[in-house]
Amino acid sequence: MNKDIISGKWTQLKGRAQARWGDLTDDDFDVAEGNAEYLAGKLQERYGWERERAQQEVREFEKTLN
């Protein structure tokens with residue numbers, strides 16, 4: 001996972017991420033600041049997903065950025 005892509009463009013991507021994962025709050029996204037691991041952890045917490053599922057969601061989101 002290319003963490004630099006997510007963190008480098010976080011301000012622009014935050015809206016797209018909020019649209020995709022509506023259960024996450026603005027505060028969650030502000031704290032994440034593009035940190036893919038933190039984001040996956042929050043997805044696990046909010047949606048009750050297994051770790052692999054949450055990481056896959058973040059990877060799929062990252063693919064849409066290219």
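**Figure 1. The whole protein is built from 5 helices and 0 strands.** Read along the sequence, its pattern is therefore simply written as α-α-α-α-α. Please keep in mind that this is a predicted model. The average pLDDT of the protein is 86, and 86% of the residues score at least 70. Confidence varies from element to element: helix α4 (residues 36-47) has the highest mean pLDDT, 94, while helix α1 (residues 3-8) has the lowest, 63. Where pLDDT is low, the predicted coordinates should not be read in detail. Of the 66 residues in the protein, 33% are buried. The accessible surface comes to about 4,100 Å², and carbon and sulfur atoms contribute 42% of it. Among contacts with a separation of 6 or more, 49% are between residues 24 or more positions apart.

**Figure 2. Helix α2 has buried residues on one side and exposed residues on the other.** Which residues of α2 are buried? They are Trp10, Leu13 and Ala17. These three cover an arc of only 65° around the axis, so they lie on the same side of α2. Turn to the other side of α2 and you meet Thr11, Gln12 and Ala19, which are exposed. A rule about helices is handy here: an α-helix has 3.6 residues a turn, so residues three or four places apart point the same way.

**Figure 3. Trp10, in helix α2, is buried with a relative accessible area of 8%.** What does Trp10 touch, leaving aside its neighbours within four places in sequence? Its contacts are Ala17, Phe29, Ala32, Glu33, Gly34 and Leu39. One of these partners, Phe29, is 19 residues from Trp10 in sequence, and their C-alpha atoms are 9.1 Å apart in space. Another partner to look for is Ala32, found in helix α3. Ala32 is buried too, with a relative accessible area of 4%. Not counting residues up to four places away in sequence, Ala32 touches Trp10 and Tyr38. From Ala32 you can also look across to Lys42: the two are 10 residues apart in sequence and 8.9 Å apart from C-alpha to C-alpha.

**Figure 4. Leu24 sits in the loop between α2 and α3.** Is Leu24 buried or exposed? Its relative accessibility is 6%, so Leu24 counts as buried. Setting aside residues up to four places away in sequence, Leu24 touches Phe29, Leu39, Lys42, Leu43 and Arg46. Pick out Arg46 from this group: Leu24 and Arg46 are 22 residues apart in sequence, with 7.1 Å between their C-alpha atoms.

**Figure 5. Lys42 belongs to helix α4.** With a relative accessibility of 15%, Lys42 is under the 20% cut-off and therefore counts as buried. Which residues is Lys42 in contact with, leaving aside its neighbours within four places in sequence? Look for Leu24 and Asp28. Leu24 is the loop residue from the previous view.

**Figure 6. Trp21 and Phe61 form one of the 2 aromatic pairs.** A pair of aromatic rings is described by the distance of the centres and the angle of the planes. For Trp21 and Phe61, the ring centres are 5.2 Å apart and the planes meet at 55°, so this pair is tilted. The pair links distant parts of the chain, with the two positions 40 residues apart in sequence. Trp21 lies in the loop between α2 (10-20) and α3 (26-32), while Phe61 is in helix α5 (residues 51-63). Both Trp21 and Phe61 are buried.

**Figure 7. Tyr47 and Trp49 make a stacked pair.** Why is this pair called stacked? The planes of the Tyr47 and Trp49 rings are at 15°, with the centres 4.6 Å apart, so the pair is stacked. The two residues differ in how they are covered: Tyr47 is partly exposed, with a relative accessible area of 26%, whereas Trp49 counts as buried at 17% relative accessibility. Trp49 has another neighbour to find in this view. The charged end of Arg53 sits over the Trp49 ring, 4.0 Å from its centre.

Note on methods: Residues are numbered from 1 along each chain as its sequence is written. This is a predicted model: local features need pLDDT of at least 70, side-chain atom pairs count only at pLDDT 80 or more; totals for chains, interfaces and linings use all residues. Side-chain values use heavy atoms; hydrogens and water are left out. pLDDT is the predictor's confidence in each residue, from 0 to 100. Helices (H or I, at least four residues) and strands (E, at least two) are DSSP runs, numbered from the N terminus. Rings of Phe, Tyr and Trp (its six-membered ring) pair if their centres lie within 6.5 Å; planes under 30 degrees apart count as stacked, over 60 as edge-to-face and the rest as tilted. Buried means under 20% relative accessible area, exposed over 50%, partly exposed in between (1.4 Å probe, protein chains only). A charge sits over a ring if NZ of Lys or CZ of Arg is within 6 Å of the ring centre and within 35 degrees of the ring normal. The arc is that of the directions from the helix axis to the C-beta atoms. Contact means heavy atoms within 4.5 Å. Accessible areas come from the Shrake-Rupley method with a 1.4 Å probe; for residues, only the protein chains shown count as cover.
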